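This report looks at how the parts of one protein chain are arranged and how they meet. Please have the sequence and the structure at hand while reading.

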Amino acid sequence: MTTRFPALHIGPLAIGPPVAQAALSGYSDAPMRVIARRLGAGYTVGEVWLDRFVVEASHGRRGRRLLAVRDEEHPCGAQLMGSRPEEFIPAALALVRLGFDAIDLNLACPVRKVLARRRGGFLMGQPDVALEIVSRVRDALPPEIPVTVKLRSGLDESPESRERFFAIFDGAFGRGAAAATVHPRTVAQRYAGRAAWAFLAEVKRHAIGRIVLGSGDLFRAEDCLAMLRQTGVDGACIARGAIGNPWIFAQVRALLEGRPLPPPPSVYEQRDVIVEHYRMAEEVYGPKRSGRRMRKFGIRYAQLHPQYAEVRAAFIATRRPGDVREVLRRWYADDLPGRWPDVESFGRMVEGHVECDD
Ligand SMILES: Cc1cc2nc3c(=O)[nH]c(=O)nc-3n(C[C@H](O)[C@H](O)[C@H](O)COP(=O)(O)O)c2cc1C
């Protein structure tokens, strides 16, 4: 028997399959988003950008390359972070001019430096400021561009924190937000323990008719179906589980369509995607920085390789531009079956920094 899940809509955006690539600082850049889309993500969100960074970067050629959206990415959201409501406006307008289809407001980031600057997750404790940001951005943007929010379940486990969550959640929709992505861990919890999917179900029961995307512990295609089924959220937002395993989107699509779970990609399928990822990274970052970026992704892509430990070590050892290609030549020459990634390893990755932060 197959369970049918309705197509996802975010405001006027028709997303289709209810599976999205989550915002991931240091990862969900254009190359990662394009690959996620090609492999079946209905929607993608860029890594969080600081409002001031966007305004500055949008004036320069290099910055515009970083902020660019490719034709095949649509629909694609950009995520903004900041502390002063008025500073979000020029950044949001610049991102819309650059072609992003939606603006997501980060009220969730638990990184210490971010909290110290009264940004991200700090705002889960400041409903007035958070909602002023939503209002200002909503009012400044054309109506066809949806504004969405990314939330954690609160600052901490206290009842006051829970009240503030619902004040922000309801207030954001009341001010015109089209959807909320909820990661059901508190800011204080960061990544400890399991994501509380029961909270997602509660939010969804509270929010009849509102679009809620769920985030948290989606490491296998089956997890996404389980979240959709158990919580009633309108979409599953895959984060760590897609780093080095973008095939998870194709696997979710298969399950959503009632097909059997496809096997992990073969070594040649992996190689083709990594080569393409690297090519796009070079276009965005140039040879040196793309090498560093691909080292990080390569270490995660290695998870799917039958000789996982050796390939991982080979990616770790890359230093110079071009080393990653050498790893591909050496370890991806024979088309062997791939392996399922180790689910535990995804859970060990945490949000440690924000790339564009000052
Ligand atoms: C390395 C890393 C970077 C992240 N960057 C962002 C970000 O830029 N914006 C955001 O809203 N969430 C960010 N997150 C949170 C994820 O989008 C997601 O909500 C969280 O990881 C829970 O999902 P998961 O358990 O399936 O990974 C990040 C998480 C990690 C591990």
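## Polar contacts across the interface

Across the interface of domain 1 and domain 2, 8 residue pairs are found in polar contact, with both residues of each pair at pLDDT 80 or more. On the side of domain 1 that touches domain 2, the elements that give two or more residues are helix 1 (30–38) and helix 3 (61–67). Helix 1 supplies the largest share of that side, with 5 residues. Sorted by character, the residues on the side of domain 1 that touches domain 2 comprise 10 nonpolar, 3 polar and 6 charged.

## The two domains

The structure is a predicted model, and the domain assignment of the protein divides it into domain 1, covering residues 8–256, and domain 2, covering residues 267–339. Taken over C-alpha atoms, the centres of domain 1 and domain 2 are separated by 28 Å.

## Extent of the interface

Where the two domains meet, 19 residues of domain 1 are in contact with 17 residues of domain 2. Between them, domain 1 and domain 2 bury about 1700 Å², and 61% of this area lies on carbon and sulfur atoms.

## Salt bridges

How many salt bridges does the rule find across the interface of domain 1 and domain 2? There are 4 salt bridges across this interface. In addition to that count, a salt bridge can be described by its residues: the side chains of Arg293 and Asp29 meet in one, with a distance of 3.0 Å from N to O.

Definitions and conventions. Residues are numbered from 1 along each chain as its sequence is written. This is a predicted model: local features need pLDDT of at least 70, side-chain atom pairs count only at pLDDT 80 or more; totals for chains, interfaces and linings use all residues. Side-chain values use heavy atoms; hydrogens and water are left out. Domain bounds come from an automatic or database domain assignment. Contact means heavy atoms within 4.5 Å. Buried area is the accessible area (1.4 Å probe) that two parts lose on being put together, summed over both. A polar contact is a pair of N or O atoms within 3.5 Å; within protein, one must be able to donate a hydrogen and the other to accept it, and residues adjacent in sequence count only if both atoms are side-chain atoms. Helices (H or I, at least four residues) and strands (E, at least two) are DSSP runs, numbered from the N terminus. Ala, Val, Leu, Ile, Met, Phe, Trp, Tyr, Cys and Pro count as nonpolar, Asp, Glu, Lys and Arg as charged, and the others, Gly among them, as polar.
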